[in-house]
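Please open the model in your viewer and keep a selection prompt at hand. The stops below are given in the order in which they are best selected.

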Amino acid sequence: MRNYSIALPFWARAFLLAGLAGVVLGAGLIAYRFYDRPTVLSVAVGSFDGEAAKVASVIAARLEATKSAVRLKIVPTDNVLDSAKIFAEGKTDLAIVRADLGDLSLARSVALITKSVLMILALPGSQVTSIEKMKGHTVGVVGGEINQKIVEALKAEYDLGDKVIFKNMAPADTPGAIQSKAASAFVLVVPLSEKYISLVRRFFRGGHNSFPALIPVESAGAIADVEGAYESFDIPQGTLRGNPPVPDADSTTLRVATYLVANKKIDPDTITTLTQALVTARNDLVRDQPLLAGLTAPDTDPGAYIPVHPGAAAYYNGTQQSFMDKYGNWIYLTPMVLGALASIFATAWRFLGGRQEPAETTLRSLFALPRRIREVKGEAELSEIENQVDQALDAEMASAIRSENAQDISTLVSMAHRLEDSIYRRRQMLAEEPAGTIESNRHTSF
């Protein structure tokens, strides 16, 4: 078995090492591109007027323009109830939902979008001046199924049961129902923003004295204690009209929040990044998009009706992980990984250089050759050893010269002289032995 191999030419080693470096760099580039690519989260958005989807699209475009690490993919729906349904089914990562709608067991709040108030508006001249007096009348529920839960809360608190006919109707059908007096009062749940207050005013167009009356929900506090999604709220005097004021005094009612929620299984760091990007986008866009003014931090208390997502809580509470918290393990492991890579490259370099054994092993083998030379029985075997010695000495001498190690060079020169002398003397001995002796020795060796 041969103990040595011929070293590869320099151009071959350079070519192979360049190829290996190219593979490593290519793998590193692919890994970086994979790590650097943005995270895309799908968000279900819907409202009866389509405004929510428009605002969400503006924010999504802003995140893309600023090359945020987290982007949004808008999944449009018809309303907040549909958004809650597909979110509960796990079809989207995020959703804009109202707190009293759908199965929100997987939901964790990221941002408070707005708060909507319950308005019970009685037609002008109607005898319905309180919730108790709605008994025996028809009440239109604008939005239909979306507001069923709040209607059920009113039924339970005021014992309305089947004493009131609640009739579902679409927002587009409401003006006609008001004009035809299809109901004595109408239930709406809308934000107290100028856009939606103007919408309510358009529903009830009429003379100076024909504006509807706002019916208070006096037991709003009791309902809120039972149904955690709601809270008691006072609509300020003159909110719907200033002169004469409607309402003519602060009017108690219910209020419900609309949130951007995320699936609780999403990585907290991703939601932290998203929350920061949303707040930045809101500050940049609120002047052109007034609806964004309501985008604020949700309730971060542990007892909140919809718990805050840990990633969002970290941003709002200023408890984001520091650089060392995030990357401490990587900093610790990197030197170990680099050390392992250095060993791999060193092994590759030795392989590409054609050195299959360490220099110590090679020299040890060379020192053992004189004994082998003395036992050689024929010229052919001696010539083979001589070729092996020449190749090994050439490789070792080249290595010693490159490293400029004078001691190694001196040792190799001395070894070369010794082996050359041993081979010469053995060749002389073989030449002086009679042919018969050689033949006899050959047979004896078998």
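The tour goes from the pocket to the salt bridges, then to the backbone and finally to the surface.

**Before selecting**

This is a predicted model, in which local features need pLDDT of at least 70 and side-chain atom pairs count only at pLDDT 80 or more, while totals for chains, interfaces and linings use all residues. Residues are numbered from 1 along each chain as its sequence is written, and side-chain values use heavy atoms, with hydrogens and water left out.

**Stop 1: the largest pocket**

Select Thr114, Ser116, Pro191, Tyr196 and Thr258, which are the closest to the centre of the largest pocket among the 46 residues that line it. The volume of this pocket is about 940 Å³. A pocket is here an open set of points on a 1 Å grid over the protein atoms alone, where a 1.4 Å probe fits, with protein on both sides within 12 Å along at least five of seven lines, and lining residues have an atom within 4 Å of a point. The volume itself is the space filled by probe spheres set on the points, which are joined across faces, edges and corners.

Next, colour the elements that give two or more residues to the lining: strand 1 (39–46), helix 2 (51–65), strand 3 (94–98), strand 4 (107–122), strand 7 (185–191), helix 6 (194–203) and strand 12 (251–263). Helices (H or I, at least four residues) and strands (E, at least two) are DSSP runs, numbered from the N terminus. Which strand gives the most to the lining? Strand 4 does, with six residues. By residue class the lining divides into 31 nonpolar, 10 polar and five charged residues, where Ala, Val, Leu, Ile, Met, Phe, Trp, Tyr, Cys and Pro count as nonpolar, Asp, Glu, Lys and Arg as charged, and the others, Gly among them, as polar.

**Stop 2: salt bridges**

The structure holds 11 salt bridges, each being a side-chain nitrogen of Lys or Arg within 4 Å of a carboxyl oxygen of Asp or Glu. Begin with Arg62 and Asp284, whose side chains meet at 3.0 Å, N to O. This pair links distant parts of the chain, with Arg62 in helix 2 and Asp284 in helix 8 (residues 268–285), 222 residues apart. Arg62 has a relative accessible area of 30% and is partly exposed, and Asp284, at 41%, also counts as partly exposed; buried means under 20%, exposed over 50%, and partly exposed in between (1.4 Å probe, protein chains only).

Now select Glu231 and Arg255, which form a salt bridge with their closest N and O atoms 2.9 Å apart. Glu231 is in strand 9 (residues 230–235) and Arg255 in strand 12, 24 residues apart along the chain. Add Lys115 to the selection, since salt bridges that share partners join Lys115, Glu231 and Arg255 into one network.

For a pair within one helix, select Glu152 and Lys155, whose side chains meet in a salt bridge at 3.7 Å, N to O. Because they are three residues apart in helix 4 (residues 148–158), about one helical turn separates them.

**Stop 3: the backbone**

Show the backbone from Asn243 to Pro244, where the peptide bond is cis with omega near -10°; Pro244 lies in the loop between strand 10 (241–242) and strand 11 (245–246). Another cis peptide bond runs from Val246 to Pro247, with omega near -5°, and Pro247 is found in the loop between strand 11 and strand 12.

Then move to Lys181, where phi is near 55°, a positive value in a residue other than glycine. Lys181 is in the loop between helix 5 and strand 7, and its relative accessible area of 63% makes it exposed.

**Stop 4: a nonpolar patch**

Finally, switch on the surface and select Leu20, Val24, Leu333, Met336, Val337, Leu338, Leu341, Ile344 and Phe345, which make a nonpolar surface patch of about 790 Å². Helix 1 (10–36) and helix 10 (323–352) are the elements that give two or more residues to this patch, and the largest share, seven residues, comes from helix 10. Patch residues have over 30% relative accessible area and no salt bridge, and nonpolar side chains (Val, Leu, Ile, Met, Phe, Trp, Tyr) are joined within 5 Å; the areas come from the Shrake-Rupley method with a 1.4 Å probe. End on Leu341 in helix 10, which is partly exposed at a relative accessible area of 38%.

Technical notes:
Patches are made of residues with over 30% relative accessible area and no salt bridge: like charges are joined within 9 Å, nonpolar side chains (Val, Leu, Ile, Met, Phe, Trp, Tyr) within 5 Å.
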